[in-house]
Amino acid sequence: MAQILVEDITKTFKVSKRKEGLLNAFLSVFRREYTTIKALDSISFKIDEGELVGYIGPNGAGKSTTIKILSGILVPDSGDCRVLGRIPWKERIEHVRDVGVVFGQRTQLWWDLPVIESFELLKDIYKIKENEYKRALEELIEVLNIKSFLDIPVRQLSLGQRMRCELVASLIHSPSILFLDEPTIGLDAVSKLAIREFIKRINVEKGTTIILTTHDMDDIESLCSRIIIIGSGKILYDGTIEGLREKVSKDRILIIDIEDGKDLNLRLDGIKSVNNENSRWYITFDPEKISPSELIFKITNAYNVKDLFVENPPIEEIIAKFYLEQKI
Amino acid sequence: MLDDVRLYFRYIGISIKSQLQYKTSFILLTIGNFLLTFMDFVGIIFLFERFGSLKGWRLEELALFYGIIHTSFAISEAFSRGFDIFDRLVRNGNFDRILLRPRSPILQILGIDFQLMRWGRFLQGFVVLIYGLIHLGVMLDIFKILFLVSVIIGGVLTFSGIFILQATLSFWSVQSLEIANSFSYGGVELASYPLSIYPKVFREIFIFIIPIAFINYFPGLMILGKEGLTEIPRLILYISPIIGSIFFYISCKIWYIGIRHYSSTGS
Amino acid sequence: MKSYLSILKIRFLMLLQYRVPAIAGIFTQFFFGFVRIMVFQAFYSNAVTVQPISLAQTVTYIWITQALFRLLPWEGDSEVQEIIKSGNLAYELVRPLDLYSLWLFRAIAQRLAPTLLRSIPLILITSLLPSGYSPELPSLSAFLSFIPTLALAFVLSATVTVLMNIFTLWTISGDGINRTIPALVLLFSGSLIPIPLFPNWMQNILKYMPFSGLLDTPVRFYTGNLPISELPPYIAIQVFWIFALIILGRSLLVIKLKSIVVQGG
């Protein structure tokens, strides 16, 4: 049975209208006009144990509303939701014991205190047994390599260091489900890689189910086998990245270096665009109209090619194109 | 339950540790807090110097009422700061984090920021209270001390209840909290003086709706042996500290209605 | 001069947008004013001697001080203090503006905007109260002496605000001074109880201190407690303190800026 089950969840919000003027501001304390916004419009999906799912969509699409419902802090208007067989908002306290959440933009650590103090307090909050706590902490400390700054106040940590500690804080009670909300936002390349490596590792080794929301498509590409795309409160796509490529655009890009100064002149059916950047040629083509081997054959015949390779268009482009098609 | 108490003291410990990270700043905050509240009493001394008495009340009698309310309020402010700044917790998403933890939200919010610097107002209130007791020549036997302590605890619970009610408002509108501040800070201002000096309507509001009268006025009358000044039956005067716990309990219940509202709107 | 006035204008218009806190402020000030009036009515009810200020004047005094509550220098300019604390003051020196004047004009706007937002509604609301609780209208001569003293009070308050900015440069002791100033202002400006009700010996000292010029002076002219003939000495005291605090602020700033430039920030 699916670990996370979402069926026909709908959630609307009332948003108060703001009006200009002192008098209106005064009146709005007592009386307000509202407009209704459908944040989630009958969404459904299932996630099995041990999956690592990317949950993406533009800002305001309903991502965080979904996460809030799944973690039990928001009650939907209608629909059914089971996480580990429980209705999150009905059994919130029991539910959150099995869930870890990381918000990349906010900290859950005690700002002025050494990191280790936060972990100790979380031990008491989650009522973790001493030996289990020690084991979990030691393991996380080693894997995330945070030993050297355990005694430094959180406010003095770099963003990358802090994010590693946030992960420890969210995992110290060994949850079986982990929600990650933009865990790599603002990080430098090295920290990003370390975080990604770690996410992959706990997913594989511990079998932790992970839902990852992010705007960083490299995160998605390197971590998620499955993505769910949400826009204007509706689920627009649920499947593999390859499946999305197939659906949106089958285009490939051939990248070649030819002898300096020569102009590339191609008139072939199936070629969509030819661009030159830094003396490198990017040829976008439709592989159903012209096969890669045919294209390469034709070019190598006509030019002296120094180097060449075929690429998929970056996932970012695919997603952007998808958003555009769906008009979201 | 025992676990909850233990966790609460862990929270307080961690909060104090955070504040002691900035020792000088803590000392200055305390002094500032003391001075600011002390000036308030200096003003009252001036008024007594000018007018002699306040509708029959002497300065040392007023000091009793004043001392009790400020001591209670200072302790409550130190404990319930999390509710005082609750609108901020909602706005910056920290309240979501609290809901993500498998412990009582009230416990966690109480633990969020134990404000040591409120020691300043506490000191001021306590000094005024002692001044009043000495000048009134009240003989402090063990009964009276226990009574005073329970009165102050009752006061702490009442003010904490008010803070919680204020915080409950921010589940509906983030903006209404500042307005509601009138009830806590305004309540202290009002109860700094014996309630009998106010018009009847106000007296009744602070007896029956927001039971501030039970924090200092009624107990103060008993210590002064002036129970005759109110028509409230003696029995109720004796149990005035309990009123605080009842008010606190009701406030917590209302607060949970607020949480239910929050989780259906997400604010 | 023109650029400083436009700084004042921009800042003023910006601060006028904080309306919700203004409404909250009106509620709070109304509540406090009302409680205080009841307390003073009780005090006056058993007064046997004639007081230096009548009850009706006291009621008016309380409402005007409540209305002008945000005119007082409760805090420095948080944006400027943030720049100082983050150690970025050196960058500010790059601008072709005199730092002190810039801060002074910002401070005037900082006092003007919230006071304007709160005072007019509060006076309108309180004037609807039954007599005995509502403020009296000033006589023409009272109003004419109120306007210049109020204007000077704004400037004086702004010079204190700038001083509070400057004290931030002395990290720890500055913080201490900045926490002491509001406590002194609270009592000695008349915002708690009218200065005429202070002990006589103290009134004589306070008259020459900078605090009464912040609030008590204009309010007393408004209530008619001070006649218009008293205007020259009171204005002279306000003007004296404005200049004294400007000179003090400028010299402190020059001293501190020198060491900043030498130390390289």
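Reader: What makes A:K68 and B:D96 a salt bridge?

Author: This is a predicted model. In it, the closest N and O atoms of A:K68 and B:D96 are 3.3 Å apart. The cut-off is 4 Å between a side-chain nitrogen of Lys or Arg and a carboxyl oxygen of Asp or Glu. The pair therefore counts as a salt bridge.

Reader: Where do the two residues of that pair sit?

Author: The pair crosses between chains. A:K68 lies in helix 2 (residues 63–70) of chain A, and B:D96 lies in helix 5 (residues 94–99) of chain B.

Reader: How many salt bridges does the rule count over all chains?

Author: The count comes to 40. Between chain C and chain B, the count is one.

Reader: Which side chains form the salt bridge between chain C and chain B, and how do you know that they qualify?

Author: They are C:R36 and B:E189, at 3.2 Å from N to O. The limit is 4 Å, so the pair qualifies. The rule for polar contacts finds five residue pairs across this interface.

Reader: Which helix of chain C gives the most to the side that touches chain B?

Author: Helix 2 of chain C does, with 18 residues. Helix 2 (19–45), helix 8 (171–188) and helix 9 (200–206) of chain C each supply at least two residues.

Reader: What is the make-up of that side of chain C by class?

Author: It has 31 nonpolar, eight polar and three charged residues.

Reader: How much area do chain C and chain B bury between them?

Author: About 3,400 Å², with 76% of it on carbon and sulfur atoms. Chain C brings 42 residues to the contact and chain B brings 35.

Reader: Why are helix 8 and helix 11 of chain B called roughly antiparallel?

Author: Their axes cross at roughly 170°. Angles over 145 degrees count as roughly antiparallel, so the two helices earn the term. Helix 8 covers residues 142–169 and helix 11 covers residues 217–224, and their axes come within 10 Å.

Reader: Which residues meet there?

Author: B:F147, B:L148 and B:V151 in helix 8 of chain B meet B:P219, B:M222 and B:I223 in helix 11 of chain B. By class, this contact has six nonpolar, no polar and no charged residues.

Reader: How do you know that helix 7 and helix 10 of chain C are roughly antiparallel?

Author: Helix 7 (residues 140–167) and helix 10 (residues 216–223) of chain C pack at about 170°, with their axes 8 Å apart. The bar is 145 degrees, and the angle is over it, so the pair is roughly antiparallel.

Reader: What makes up the contact of helix 7 with helix 10 of chain C?

Author: Eight nonpolar, three polar and no charged residues. Among them are C:F143 and C:L150 of helix 7, and C:P218 and C:F221 of helix 10.

Note on methods: Residues numbered from 1 in each chain as written. Chains lettered and ligands numbered in written order. Predicted model: local features only at pLDDT ≥ 70, side-chain atom pairs only at ≥ 80, totals over all residues. Heavy atoms only, no water. Contact = heavy atoms within 4.5 Å. Buried area = accessible area lost by both parts, 1.4 Å probe. Polar contact = N/O pair within 3.5 Å; in protein donor to acceptor, adjacent residues only side chain to side chain. Helix = DSSP H or I, 4+ residues; strand = E, 2+ residues; numbered from the N terminus. Nonpolar A, V, L, I, M, F, W, Y, C, P; charged D, E, K, R; others polar. Axes fitted to C-alpha atoms, helices over the stretch in contact; angles between N-to-C directions. Parallel < 35°, antiparallel > 145°, perpendicular 65-115°, else oblique.
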